[in-house]
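Work through the exercises below with the sequence and the structure in view, and try each task before you read its solution.

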Amino acid sequence: MKYFNTINRYILKELLSPFLISLFFLTFVFLMTRIPEITNMVVNFNADLSSVVMLIVYTLPRFLEFTIPMSVMISILLTMMRMSGENEVVALKGAGASLYRLLPPILVFCMLGACLTLWVTVFGVSWGKLSIKEKSIEMARSSIDAALQERQFNSEIDDVMIYVAHVDMKTKALRDIFIEDRRTKGVVSISVAPTGDLIRQDDRALYTIRLYNGIINQVEMEDRSVNTIQFGAYDINIDLAALNSRREKISKEIDERSLPDLIAFIRSGKGNPMDINAAHMELHEKLSVPFACLTLGLLAFPLGVQSASLRRSSGFGLGIFFFLFYYFLLAAGWSAGESGRFSPVIGMWLPNLTMGAIAVYFLVRNAKERPVPFPRIVSAAVHMVKQQVKKIS
């Protein structure tokens, strides 16, 4: 028993280093996708360094939700490949240890990864998304430039939604503008113009959006009437100081709710069926994604033993391939569950069941010294993934 405890500690220690390296690398790659947006905020919106750092921190939980299971799988895969390549697995088998006797440290490592991922999905993801929303509103209220992101419906300013196809941040010239203004009670004004200018008044908190050669549709909500006005020039004033003085509670979207909020929302039965279904999907996603650490880690164990002859880069590509396959199943399950064709339970848990079944099949075959041959399509896909990884690194 003491002998196997030593082996367990040794395997756990060997798993830690590749896990940390993979987690850092993958999270960094995901963060790189945010660099253009962050650069845009720094250059165009005059965002200070603390705001940029906090936005990165708020973004991390959404990335860690997937990079932790992926790192668990890759670390197990690389560790077992190294142990097999250096004949350590053969030596352990010669000492009487079957492949099943090497499972306890793998399962413990997977459970630790699952607990960490569960903490991220239950607390971190909703906190991060809500914090990003609050920070964006705060930046929009401090400078309207942050609320004029191109080709996006920007609703950070209360009761005003702005869409701008192009913004010249040097001249403050706007092109293809759509503004929905609900600040007047009972009246919705929709202004559309091909061009416009953003003008900052002497008071830095007061801005004017000047539109040219456009149309205003004013909808009277009480009597359901619509008035159409054509104009040569029209000013829309926005007082950020007045907005900042009204600190209204920010409404939470479904994916911004914590686990207790989601459960309370589902039990209340309030809201339309689509929102209730989306809440069910979000709830099961928070629980199913951490479970991927167990299924993917269990799959990586026999793959690593079987793939001893492969290079580490090929093993890394193999891990990414199976994770992408899992993510494909997860995306397909989300789409099917969101459309109502399948229940949220099936949509969110079927990927884990599929990968778990594959993992058990691979494990049993390898334990009986009958490795599973990879189809050519899998080998070709692994080679393609490996080439893409080389390009990124």
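**Exercise 1: a pair between two strands**

In this predicted model, Asp235 has a relative accessibility of 35% and therefore counts as partly exposed. Find which residue forms a salt bridge with Asp235, and state where the two partners lie.

Solution. Start from the charged atoms: the closest N and O atoms of Arg210 and Asp235 are 2.7 Å apart, and a salt bridge requires such a pair to be within 4 Å, so Arg210 is the partner. Next, place the partners: Arg210 belongs to strand β5 (residues 206-220) and Asp235 to strand β6 (residues 225-239), so the salt bridge ties together parts that are 25 residues apart in sequence. Finally, consider accessibility: Arg210, at 28%, is also partly exposed.

**Exercise 2: a pair within one helix**

Decide whether Arg62 and Glu65 are each buried or partly exposed, and describe how they are related in helix α3.

Solution. First, the side chains of Arg62 and Glu65 meet in a salt bridge, with N and O 2.6 Å apart. Second, these residues are 3 residues apart in helix α3, which means that about one helical turn separates them. Third, buried means under 20% relative accessible area: Glu65, with 2%, is buried, whereas Arg62, at 30%, is partly exposed.

**Exercise 3: a serine in a helix**

Determine where Ser131 lies and which backbone oxygen is found 2.7 Å from a polar atom of its side chain.

Solution. Ser131 is part of helix α5 (residues 103-142), and its relative accessibility of 9% makes it buried. The backbone oxygen in question belongs to Trp127.

Key: Residues are numbered from 1 along each chain as its sequence is written. This is a predicted model: local features need pLDDT of at least 70, side-chain atom pairs count only at pLDDT 80 or more; totals for chains, interfaces and linings use all residues. Side-chain values use heavy atoms; hydrogens and water are left out. Helices (H or I, at least four residues) and strands (E, at least two) are DSSP runs, numbered from the N terminus. Buried means under 20% relative accessible area, exposed over 50%, partly exposed in between (1.4 Å probe, protein chains only). A polar contact is a pair of N or O atoms within 3.5 Å; within protein, one must be able to donate a hydrogen and the other to accept it, and residues adjacent in sequence count only if both atoms are side-chain atoms.
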